[in-house]
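Hi,

Here is the structure I promised to pass on to you. Have a look at it first, and then read my notes below with the picture open beside you.

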Amino acid sequence: MPTAHSLRLHDDTRIPALGYGLWQVPIETSAVLVSRALRTGYRLIDTAEAYYNEEGVGEGIRDSGVAREEIFVTTKVWNTHHGYTQTLHAFDASQQRLGLDRIDLYLMHWPSRIRDAYVDTWRAMIRLRDESRVGAIGVCNFSTGQLQRLIGETGVKPVLNQIELHPYFQQKALRAFHHEQGIVTQSWSPLGLWWQNPEPAASPLEHPRIRELAKRHGKSPAQVILRWHLDSGLATISKSVRPGRIEENFQLFDFALTPSEMKMLAGLDRRDGRLGPDPETADF
Ligand SMILES: NC(=O)c1ccc[n+]([C@@H]2O[C@H](COP(=O)([O-])OP(=O)(O)OC[C@H]3O[C@@H](n4cnc5c(N)ncnc54)[C@H](OP(=O)(O)O)[C@@H]3O)[C@@H](O)[C@H]2O)c1
């Protein structure tokens, strides 16, 4: 079985570079899909209280036959539970639904600028980490300014920031800030397909240069894009409810992109490439 790469977090622990994500995966199928992903070789499972499938994720982990210590489990606190006490309760509820003794990474799902409580939320997450109830803590969808405030007011850096990132939206400035701070960048929607705009023709999967690369390497466009994330030093999470694609999206470790191919892909970045909400203006 090919083995996935891992990346070092600034607390000196490691995180698998490739994960399986469960946004929009119904609870009824999540256990079977998690178990299948783990048996395929994925070692990071990404869920959230807002995905409403944590019970299924825990069940899939237990059913997989893969040892718990080999699996890296991430879940997230949702915006309605921002605030110190609320976050501590949200964590207990997630842990109970997952049925796991330990969560490897707890993330703040959005900064939720309209609540303006992300610093207190972060203080609760620091406590969970200090009490060893969670292995590491991080954030999602934070801008540079929001990260600076979080770090400035608490002195504690997130180990990673999980952000929208794909060939049409490469987030180069934010990644440079992460790099400077030792924060790992983890890409969500790595293929650049968005549920509110599910038109595959508009996605990087249909870009003629990406299709050409796929042909050259004997791979699919999705595999080329996911490999681009890994070769860019990013952690990434792919999602599919289809067994064939779960397998396909993991078969990335028998090829690599050349420097000139990486340069061509870097040129596909677009100023208007964001598909999801902008954390600086999001109103939820
Ligand atoms: N922190 C956040 O705010 C946030 C936001 C969004 C996502 N995430 C995380 O990131 C994960 C991945 O993001 P995502 O689900 O938006 O994006 P994605 O993995 O880029 O795309 C998922 C879409 O691509 C399709 N797909 C998967 N593999 C494919 C392949 N090989 N060829 C063609 N199409 C393929 C899937 O359809 P099928 O399922 O029908 O195959 C699905 O519609 C999520 O599941 C979640 O864990 C986090």
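Below is what I found, going from the whole protein down to a few single residues.

Before anything else, keep in mind that this is a predicted model.

**The whole protein**

The protein has 10 helices and 10 strands. Its radius of gyration is 18 Å, and the globule rule gives 19 Å for 284 residues, so the protein is as compact as a globular protein of that length. If you draw a box along the principal axes, the C-alpha atoms fill roughly 55 × 40 × 35 Å. Of the 284 residues, 57% count as buried.

What about contacts along the chain? Taking those between residues at least 6 apart in sequence, 73% join residues at least 24 apart. As for the outside, the accessible surface is about 12400 Å², and carbon and sulfur atoms account for 49% of it. There are 33 positive and 34 negative charges, and their mean positions lie 4 Å apart.

**Helix α4**

Find residues 118-130, which form helix α4. How far apart should the ends of this helix be? With 13 residues at 1.5 Å a residue, α4 should span 18 Å, and its end C-alpha atoms are indeed 18 Å apart.

Quite a few residues of α4 are buried, including Y118, W122, M125 and L128. A handy thing to remember here is that an α-helix has 3.6 residues a turn, so residues three or four places apart point the same way. Which elements cover the buried residues of α4? Among them are the strands β5 (72-77), β6 (103-108) and β7 (134-140), together with the helices α3 (84-98) and α5 (144-154). Just after α4, S132 takes a positive phi of about 60°.

**F91, a neighbour of that helix**

Now move to F91, which sits in helix α3. Is F91 buried or exposed? Its relative accessible area is 0%, so F91 is buried. Leaving out residues up to four places away in sequence, F91 touches I103, Y106, L128, R133 and V134. L128 is one of the buried residues of α4, so you can use this contact to step from one helix to the other. By contrast, A37 is 54 residues from F91 in sequence and 25 Å from it in space, C-alpha to C-alpha.

**R227 and T258**

Helix α8 (residues 221-231) holds R227. Its relative accessibility is 7%, so R227 counts as buried. Apart from residues up to four places away in sequence, R227 touches H5, L252, F253, F255, A256 and L257.

T258 lies in the loop between α9 (243-248) and α10 (259-266). At 32% relative accessibility, T258 counts as partly exposed. How far is T258 from W122? The two are 136 residues apart along the chain, and their C-alpha atoms are separated by 40 Å.

**Two serines with a positive phi**

S112 is not a glycine, yet its phi is positive, at about 45°. You will find S112 in the loop between β6 and α4, and its 3% relative accessibility makes it buried.

S189 also has a positive phi, near 50°. S189 belongs to the loop between β9 (184-188) and α7 (208-217). With a relative accessible area of 14%, S189 is buried too, since the cut-off for buried is under 20%.

Over to you, and happy exploring!

Definitions and conventions: Residues are numbered from 1 along each chain as its sequence is written. This is a predicted model: local features need pLDDT of at least 70, side-chain atom pairs count only at pLDDT 80 or more; totals for chains, interfaces and linings use all residues. Side-chain values use heavy atoms; hydrogens and water are left out. Helices (H or I, at least four residues) and strands (E, at least two) are DSSP runs, numbered from the N terminus. The expected span of a helix is 1.5 Å times one less than its number of residues. Buried means under 20% relative accessible area, exposed over 50%, partly exposed in between (1.4 Å probe, protein chains only). Contact means heavy atoms within 4.5 Å. The radius of gyration is taken over C-alpha atoms; the globule rule is 2.2 Å times the number of residues to the power 0.38. Accessible areas come from the Shrake-Rupley method with a 1.4 Å probe; for residues, only the protein chains shown count as cover. Lys and Arg count as positive and Asp and Glu as negative; His and the chain ends are not counted. The place of a charge is taken as NZ of Lys, CZ of Arg, CG of Asp or CD of Glu.
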